[in-house]
Amino acid sequence: MIPGKDEKVGKNDSSKEKYGVFALFDIEHFVRRIIKNWYWFVFMLFIGYAISWIYSKYYAQNIFASDISLSTSNNTASFLQPTQASQSINFIWGQNGNQDGIFLKKMLLSRSHNEFLVKELDLFVNYSTKGLIKSTYLDKDDSPVFLEIDKKHLQQTHYPITLIPKGNGTYEVVLPEEGESTNLYSYEAENFQAIRPYTRPANKIIRINEWYNSPNLRFKLVQNLVTPKIKFENIIINLNTVNESVNDIVSTIAVDFDKEISTIMVIVKKGYNLNSTVNFLNKSVAELQKKRLADKNIVNKNTEAYLQGNLSNIRKKLDSSANVLNYLKTSEKLYNIKDRDEKSLDKIKELESRKADLVSKISSLNTIKNTLQSQDFDKMIGTNAAGFEDGMFSASVTELKALYAKRSEMALIYKANSEPMKEINRLINESRMGASNSLRNYYTKYYDEINKIDRDVSDANSDLALYPEKERKYLDAERGYNMIEATYNSLLGRQNDTQMRMATNQSDITVIDPAKNLGQNPIAPNIKLAKIIIILGMLLLPLLFILIGELLDNKVRNIKELLSATKIPLLGVIGNNSNENMLTVLEQPKSSVSEAFRGIRASMRFLMNNEEEKGKVILVTSSIGGEGKTYVSINLASVIGLSDKKAILLGMDLRKPKIFGDFKIDNKYGISNYLTGEVEIDQIINKTRIPNLDVATSGPIPPNPSELLMSQRNIKFLEELKEKYDFIIIDSPPVGLVADSYELMKYSDANIYVVRHEYTEKYMLKMITDKYHNNEINHLGLIYNDYNTKQGYGYGYGYGYGYGYGYFDEDKNYKEPLLIRIRNKVQTMFNKK
């Protein structure tokens, strides 16, 4: 990288090439920093493992799931469930071929069914136990006692009640130190009510079946008849509202159908306790079976009674029609009509029988419609009486009945124009519209069929127009009898079906596989994944800090990148100065750092046109203070003075004098005094320990340093020194702060720019780089200062430094970094012959 005498290495006339631009991110240095900070990653690995272990053991709440499979193969939907409230009917089922299964799915997920279970089984009471850190949710059957509340008394919800066993059937009731509320919940009205303020209830020891009384609680403990397998030091009980309990349950239930057999339903329940999910599923399905059977019996009884009444009426009409027909046969002698068109008559008989059946079904539809409008659901008949089975209609009717019941309850609490009443009325309208639309579809279907039959009958009647009046009268009577008979037979058939159902009635829900506790593993959380995420997250923290530091770091750290960006020749690399002063070459002449300065002295001849000429001016500068400009000036001057060349070191950084301290020279008079005409040149030149090296210090700080350095007296001063000395080394001001050095460079033969490792900012090199490549500065070279080999990496421009530690006497106690020792060992192994 050292140019020849007549070369301008690094300069390029192409305006397209950019100089002074460094890479935004140095991946090589980033990797080095990661390796350098390896202990942080090890530390964070241990921290992450500890956190993940504590999380999995003390904080992770396992979520379990159990399932139950049902068969709903009997397509007989019912819609009377008297004790249930409801939710909106806006469901998307996706199982159009299994209407009864859809109905059951809706019921299982409905608020009505789950609210009934919550109230019936006291599922608003939640049990848990707590160790030193972790709380564990319990199933009700896992607790040695059950908490039974007085539903007529206002209760505080979300208020942990701790029961501590005291022996002999006694428990201490421990309440929180704070948190008692005056806004209490009524389990009868299912709303919150305010009471007067009160003092915190005291802890109390109570016995089994003894009532605990306080302003915000009233309950008693009931002994669990089954002794739990595990004894707990405490039982913590929390009360929820009915609405919260229902919502929690519905959110943890999933209902789906088998992909191959759509009539098989699989219900999955998730929860913090496996026994709780198993018990809930089995109890939920058992309750649904019980109510399903009861509802079917009510509907079938209503249907049987309805059909029996219709049969009685039709029987009278049939008898009357038979009498008329017999009279015509006997009195008019029309029982043997000649040339009867039996084909047309049979066709008419078939059409009118079908019409009679449809008329009967429409009559049943009217009954269902009227019942729906009158809201007398206890008298509802089955849709099979109207000739169809429709699970969606049944679900809508059930929904509507439950909503009406719920509205009656709410009317006792809320005003008619309140938001809850508006919402329940909206749901009623939606459900009523759904049921009406279903009936309307069947009305349309039946009337379309009747109209078609009427047209076909009209066409067939045209063939009978030629019969005599008496014979036509007989044929009309016969057709009337046939229609009534067909209606009677249709009703009789539906009655037989209904009676058969009643005789063989059983729940159409069959449990294939009940829910069981088989020791299933929790489905969540994924402890292994959580541990991996926690550990990786902790490992990413130091990586993130290093990355942010790297992105925000704008210091020069890489020699290759420096040379690539500036395209300025490199004279040499100076290592870290371990001396207390800056006279390294004098104090440690055999050190690797001193050898590096000798290498720089040798490289400088490439910057000068004719090194043999006398009075060569060497200017040393940098971007800002602290980069080692003065240190380089002193030691470079020392190396030149020791090489039998007469040299002088000029302290021309008039703003911040430094040189005098290391050489122990009085700075009372210096260059600033000479430039102002106060003293003569001989008065500011000082001898040093090196015979061929003189020093002229800066002197007192003047008020106008720039004007003094740019003055003609200073130029004459340099010219005069050229006659006396072989080399003049100028310690000039930093170019990043003032422009004095740029003016002095016009009179120098070589310019040295000092860049300090991990100190110089990259952007500071932009100006000097531009001036160099625009030919505003010539004979420029870089010195890379304060390079530290303990980082474990080097560069090809060592000049006795970087690979020289241990060779020089002063470095004999130097110990190479571990990575360097490993690298050298590996190289030695592979280089063996």
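This is a short dialogue on how to read the features of a predicted model.

Visitor: Welcome me in gently, please. How many helices and strands does the protein have?

Guide: Happy to! The protein has 23 helices and 23 strands. Keep in mind that the model is predicted.

Visitor: What share of the residues is buried?

Guide: Of the 833 residues in the protein, 48% are buried. Contacts tell you about the chain too: among those between residues at least 6 apart in sequence, 80% join residues at least 24 apart.

Visitor: Which residues touch the most other members of the largest nonpolar core?

Guide: That core has 53 residues, and the ones touching the most other members are Leu 147, Ile 161, Leu 163, Phe 219 and Ile 267. Helix H6, residues 274-331, gives the most to this core, with six residues. Apart from it lies another core, made of 45 residues that include Ile 648, Leu 709, Met 745 and Tyr 772.

Visitor: What does Ile 267 touch?

Guide: Leaving out residues up to four places away in sequence, Ile 267 touches Ser 66, Asp 67, Ile 68, Leu 70, Leu 108, Ile 253, Ala 254, Val 255, Leu 281 and Val 285.

Visitor: How do I read a sheet, and what is the order of the four strands in the open one?

Guide: Start with the order of the strands, then look at the edges. Here the order is S13-S14-S1-S15, with antiparallel pairing. The edge strands, S13 (253-257) and S15 (510-513), each pair on one side only. On average, neighbouring strands of this sheet are turned by 30 degrees against each other, direction ignored. Inside the sheet, S1 (residues 64-71) and S14 (residues 264-271) are joined in the antiparallel sense by eight bridges. One position to look for is Ser 66, whose bridge partner in S14 is Lys 269.

Visitor: Which strands stand at the edges of the sheet of eight?

Guide: That open sheet runs S16-S23-S22-S17-S21-S18-S20-S19, with mixed pairing. Its edges are S16 (570-575) and S19 (685-687); each has a single partner strand, so one side of each has no neighbour in the sheet. The twist from one strand to the next averages 25 degrees.

Visitor: How many bridges join S16 to S23?

Guide: Four bridges join S16 to S23 (residues 780-787), and the two strands run parallel. Gly 575 stands opposite Tyr 787 in S23. Helix H12 (residues 559-566) packs on the sheet, where H12 touches S16, S22 (750-756) and S23. Helix H14 (residues 592-603) also packs there, touching S16 and S23, and the direction of H14 makes about 170 degrees with that of S16.

Visitor: How should I describe two packed helices?

Guide: Two packed helices are described by the angle between their axes and the distance between the axes. For H14 and H15 (residues 629-641), the angle is about 75 degrees and the axes are 9 Å apart. H14 and H15 are therefore roughly perpendicular to each other. Among the residues that meet there are Phe 597 and Ile 600 in H14, and Tyr 631 and Leu 636 in H15.

Visitor: Which residues does the "transmembrane region" annotation cover?

Guide: The unreviewed UniProt entry places that annotation on residues 38-56 and 532-552. In the model, residues 38-56 are 100% helix, with their end C-alpha atoms 27 Å apart. Residues 532-552 are 100% helix too, and their end C-alpha atoms lie 30 Å apart.

Key:
Residues numbered from 1 in each chain as written. Predicted model: local features only at pLDDT ≥ 70, side-chain atom pairs only at ≥ 80, totals over all residues. Heavy atoms only, no water. Core = buried A, V, L, I, M, F, W, Y, C linked by side-chain atoms within 4.5 Å. Buried < 20%, exposed > 50% of the residue type's maximum accessible area, 1.4 Å probe, protein only. Contact = heavy atoms within 4.5 Å. UniProt positions renumbered as here; feature names shortened; annotations may be inferred. Pairing = 2+ DSSP bridges. Axes fitted to C-alpha atoms, helices over the stretch in contact; angles between N-to-C directions. Parallel < 35°, antiparallel > 145°, perpendicular 65-115°, else oblique.
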